[in-house]
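Got your viewer open? Load the model, switch to cartoon view, and keep the selection box handy.

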Amino acid sequence: INAPVVNFVNQSGTWYNTSTPEIFFNITDNQDTNINYTVYTNSSFDQSGNISNSTTTNITLGALADGSHNITIQATDNGPNAANYSILIYVDTTAPGINLTYPDNATNFTTRSVDLNFTTGDNMASNMTCNLTLDASVNSSYIPANDGEEISTSISGLTEGTHYWNV
């Protein structure tokens with residue numbers, strides 16, 4: 001007789017932008033139709049419940065701070081056979097920051113080409129992907145940006161007049 005098996009079926013992978021993430025899972029067992037489970041967050045009790053065999057369910061974890069968290073589900077059948085299954089999740093509720101570093105606001109150019117420079121910052125991600133928008137249209141997509149590194153993107157073919165950009 002085997003212990004129940006937990007299968008994590010997370011809808012958003014392992015990254016969450018909420019402090020109370022939902023974890024989806026199912027438990028299968030070769031013996032029982034209802035299986036008890038206990039959820040631990042970073043080795044501390046979070047909640048417990050009961051699930052029908054092979055049925056996917058979801059739970060909302062208690063409030064978590066930004067950072068990595070070990071989620072363990074202990075499944076127990078009537079055997080009583082028990083097994084622990086863990087997943088590492090990341091909570092990141094802080095949006096990345098963007099700093100437009102060049103050119104300064106209201107700068108006047110006499111050329112049709114210009115370098116647009118920016119830096120990114122994030123509390124957890126060291127690598128980000130950015131889009132540069134010029135005059136409300138995406139001009140450059142999927143620009144790799146490392147945390148704190150200045151990125152320069154050359155724009156050419158500008159028409160005369162005022163232009164607005166952001167990242």
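What follows is a walk through the model, stop by stop.

Before you click, note that this is a predicted model, where local features need pLDDT of at least 70, side-chain atom pairs count only at pLDDT 80 or more, and totals for chains, interfaces and linings use all residues. Residues are numbered from 1 along each chain as its sequence is written, and side-chain values use heavy atoms, with hydrogens and water left out.

**Stop 1: the five-stranded sheet**

Start with the strands β2, β8, β7, β4 and β5, which in that order make an open sheet with mixed pairing. Strands here are DSSP runs of E at least two residues long, numbered from the N terminus, and two of them pair if DSSP finds at least two bridges between them. Color 15-16 (β2) and 44-52 (β5): these stand at the edges with a single partner strand each, so one side of each has no neighbour in the sheet.

Now select 34-41, which is β4; eight bridges tie β4 to β5, and the two run antiparallel. To see the register, show Tyr40 and look across to Phe45 in β5, which stands opposite.

While you are on β4, pick Thr41. Thr41 is buried, at 8% relative accessible area (buried means under 20%, exposed over 50%, partly exposed in between, with a 1.4 Å probe and protein chains only). Draw a distance from the C-alpha of Thr41 to that of Thr159: the two are 118 residues apart along the chain and 56 Å apart in space.

**Stop 2: β1 against β3**

Select 5-8 for β1 and turn on side chains. Val6 and Phe8 point to one face and are buried, whereas Val5 and Asn7 point to the other face and are not. Add β3: four bridges join β1 to β3 in antiparallel fashion, and Val6 has Ile27 as its bridge partner there.

**Stop 3: aromatic pairs**

Rings of Phe, Tyr and Trp (its six-membered ring) pair if their centres lie within 6.5 Å; planes under 30 degrees apart are stacked, over 60 edge-to-face, and the rest tilted. How many aromatic pairs does that rule give? The count is four. Show Phe25 and Tyr37 for one of them: the ring centres are 5.2 Å apart and the planes sit at 80°, so this pair is edge-to-face. Phe25 belongs to β3 (residues 22-28) and Tyr37 to β4, twelve residues apart. Both Phe25 and Tyr37 are buried.

Then jump to Tyr102 and Phe109, with centres 6.4 Å apart and planes at 75°, so these rings are edge-to-face too. Tyr102 is partly exposed at 37%, and Phe109 is partly exposed at 31%.

Stay at Tyr102 and check the backbone: the peptide bond from Tyr102 to Pro103 is cis, with omega about 0°. Pro103 sits in the loop between β9 and β10. In that loop you will also find Ala106, which has a positive phi near 70° although it is not a glycine.

**Stop 4: the largest pocket**

Switch on a surface. The largest pocket has a volume of about 620 Å³. Which residues are closest to its centre? They are Thr107, Phe109, Gly161, Thr162 and His163, out of 23 lining residues. A pocket, on a 1 Å grid over the protein atoms alone, is an open set of points where a 1.4 Å probe fits, with protein on both sides within 12 Å along at least five of seven lines; lining residues have an atom within 4 Å of a point. The volume is the space filled by probe spheres set on the points.

**Stop 5: one salt bridge**

The count of salt bridges comes to one, taking a side-chain nitrogen of Lys or Arg within 4 Å of a carboxyl oxygen of Asp or Glu. Select Glu160 and Arg112, whose closest N and O atoms are 4.0 Å apart. Glu160 lies in the loop between β13 and β14, and Arg112 in the loop between β9 and β10, 48 residues apart. Glu160 is exposed at 72%, while Arg112 is partly exposed at 46%.

**Last stop: the three-stranded sheet**

Finish on β12, β11 and β14, an open antiparallel sheet in that order. Two bridges join β11 (residues 127-134) to β14, and Thr133 has Asn166 as its bridge partner in β14.
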